[in-house]
Amino acid sequence: MPVRMNSVTKEKPVLLVVEGPLRGQQWVMHDDQLLVGRGSECQMVISERAVSRQHVRIWRDDNMYFVEDMGSKNGTHINGALLTAPQALEDGDEIQVALAVKIKFIGSEATVPLSFESAPQHAVGGLKLDPNTHDVWVNGNRLDPPLSLYQYRLLSALYDRHGGICARDEVVRIVWPEAEGEGVSEQAIDALVRRLRDRLTELDPSNQFVATVRGHGFRMMQPSADPKD
């Protein structure tokens, strides 16, 4: 769902560059607007010829955040889809500027990685997760477009158990921490698991990856090494 600023905590979204010349740098949305482009008037200046002087605008309207392309020459993509009109941003969305820079929109400062290291360059077999960028590799191939925030949270929880069971109540606590006490339906959990399976099998149709353990929860079929290696 679109990111809404919490009126009590005043948490601010963060823009984290995950690909391109500014990789690893981050901008906190302290103001109501942030411009991305090649021009010196922009808050995020990207010195790439493919990037327009004013390429992307990100702004807050009421308690929601939006992004729009500023009529750039080489376009803007959101999660792999061309941006043709202003769009509400969701936690985990990836903004690709002129196919030269990729920026991840993180809904709260509290969830920004404490450190940012290079993504693994040689993923060998099975699954490989990058906890900083939330990139996922299957048999050495990166999943593109990336998993949604909820899909990644579920995968990471299962992955860290190395084949152990993750109970349904644990899934709710880990995947939907903001919904604690409100309840998440069984159908919502099952639908998320199905979507995660579908995404992973895009790169390896022979592997189911996530198994349902009836009456208990879910587990990884073939967990690999520590994703933080």
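Here are a few notes on the aromatic pairs and on strand β11 in this predicted model.

1. Start with the rings. A pair of aromatic rings is described by the distance of the centres and the angle of the planes. For this model the count comes to three aromatic pairs. One of them is Y65 with F105, a tilted pair with 6.1 Å from centre to centre and 50 degrees between the planes.

2. Where do Y65 and F105 sit in the chain? Y65 is in strand β6 (residues 64–69) and F105 is in strand β11 (residues 101–106), so this pair ties together parts that are 40 residues apart in sequence. As for exposure, Y65 is buried, and so is F105.

3. Another pair to look up is Y150 with W176. Their rings are tilted as well, with 50 degrees between the planes and 5.9 Å centre to centre. This pair also links distant parts of the chain, 26 residues apart: Y150 belongs to helix α1 (residues 149–159), while W176 is in the loop between α2 (168–175) and α3 (186–201).

4. Are Y150 and W176 buried or exposed? Y150 has 26% relative accessibility, so it counts as partly exposed. W176 comes out at 11% relative accessibility, and therefore counts as buried, the cut-off being under 20%.

5. Back to β11, the strand that holds F105. How many of the residues of β11 are buried? Six of its six are, so you can think of the strand as mostly covered. Both faces are covered: V101, I103 and F105 lie on one side, K102, K104 and I106 lie on the other, and all are buried. Note that the buried list includes K102 and K104.

6. Which strands pair with β11? One is β1 (residues 14–19), which runs antiparallel to β11 and is joined to it by five bridges. If you want to trace this pairing, V14 has I106 as its bridge partner in β11. Another is β10 (residues 94–97), also antiparallel to β11, with four bridges between the two. Here V97 has V101 as its bridge partner in β11.

7. The link between β10 and β11 deserves its own look. The two strands form a hairpin, with three residues between them. In the turn, A98 has a positive phi of about 55 degrees.

8. One last contact, this time between a charge and a ring. R57 lies over the face of W59, at 3.9 Å from the ring centre.

Conventions: Residues numbered from 1 in each chain as written. Predicted model: local features only at pLDDT ≥ 70, side-chain atom pairs only at ≥ 80, totals over all residues. Heavy atoms only, no water. Phe/Tyr/Trp six-rings, centres within 6.5 Å; stacked < 30°, edge-to-face > 60°. Buried < 20%, exposed > 50% of the residue type's maximum accessible area, 1.4 Å probe, protein only. Lys NZ or Arg CZ within 6 Å of the ring centre and 35° of its normal. Pairing = 2+ DSSP bridges.
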